[in-house]
Structure formats: C-alpha cells, structure tokens
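Dear colleague,

I am passing a structure on to you, and below it you will find notes on what turned up in it. Please read them with the model open beside you.

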Amino acid sequence: MSFERVKKLFELDAKLKSDTIFVQRLKLSQLRLMGDARWPWLVLIPELNGVEEIYDLNENDRTVLMCEIFAVSRILKSLCNPDKINIGALGNIVRQLHIHVVVRHFNDPAWPGPVWGHGRPEQYS
C-alpha cells in the first residue's frame, strides 16, 4: 500500500481539525492540542493520506511515529508530573490515524475511567 507523502496535499479530517489546535509539524506527524483544558492532551496525526491503522504504515514510518509518541510523552511527563499517561489510537469515530497522548492524575474529573465522553469539554482561554 502506498500513501501520499506530499504535505501540501495532506487532508486533515474535519473533526480532528475542529476539535484540536495546531501546535507544530514533526518529522511524520502534525502535533495538535485537544480542545479540552481539563487534561493536557496532545494528538499526533501522521501526515499521510489514507492511513487508518498503525499497521498500515511502513516500517520506517512506524519507527518515526513511535519516536514521536515517546518524545511527546516524555515532554508531558516532565511538564505535568502525571500519575499516568494514556496513549491510544481508537479511530471509532474518526478513521484517519491519530494517536492520543493524555496526561492523567488520580484526582482528575474522569479518574479512573476514560476521558472520552466524560462531561463537557472546557475551552482554553
């Protein structure tokens, strides 16, 4: 399977675009902030059209994505002193491959349950 790598042609899913805030481009992925201030929550979206699953990526892109996940997780750990960092690639609503990296604390509003669907998102000021 071959995926389009030309970044100017990359199409970001409309829901991901509306639910997140662009932070920066990494080697493979767009790094975006989830629009919910209750949790430090970053999303990595490989800039490859047509990719839905991690196993769709070639070996090099899988390696790059894992390095990006590890780097983002380490930065969040150093900044937020989490009790846990959740990493997930669900894709039940948005099929375009995207990886959630969510800081969790024992006293956060959803602990110990998932952050998805818990209450209403709080907007950043």
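How many aromatic pairs does the structure hold? It holds three, where rings of Phe, Tyr and Trp (its six-membered ring) pair if their centres lie within 6.5 Å, and planes under 30 degrees apart count as stacked, over 60 as edge-to-face and the rest as tilted. Please keep in mind that this is a predicted model, in which local features need pLDDT of at least 70 and side-chain atom pairs count only at pLDDT 80 or more, while totals for chains, interfaces and linings use all residues. Residues are numbered from 1 along each chain as its sequence is written, and side-chain values use heavy atoms, with hydrogens and water left out.

In one of the pairs, Trp39 and Trp41 meet edge-to-face, with 6.3 Å from centre to centre and 80° between the planes. The ring centres of Trp41 and Trp116 are 5.8 Å apart and their planes stand at 85°, so this pair is edge-to-face. Trp39, Trp41 and Trp116 form one aromatic cluster. Trp41 counts as buried at 5% relative accessibility, whereas Trp116, at 36%, is partly exposed (buried means under 20% relative accessible area, exposed over 50%, partly exposed in between, with a 1.4 Å probe and protein chains only).

The largest nonpolar core (buried Ala, Val, Leu, Ile, Met, Phe, Trp, Tyr and Cys residues joined through side-chain atoms within 4.5 Å) has 17 residues, and Leu44, Leu65 and Leu76 are among those with the most contacts inside it, contact meaning heavy atoms within 4.5 Å.

With best wishes
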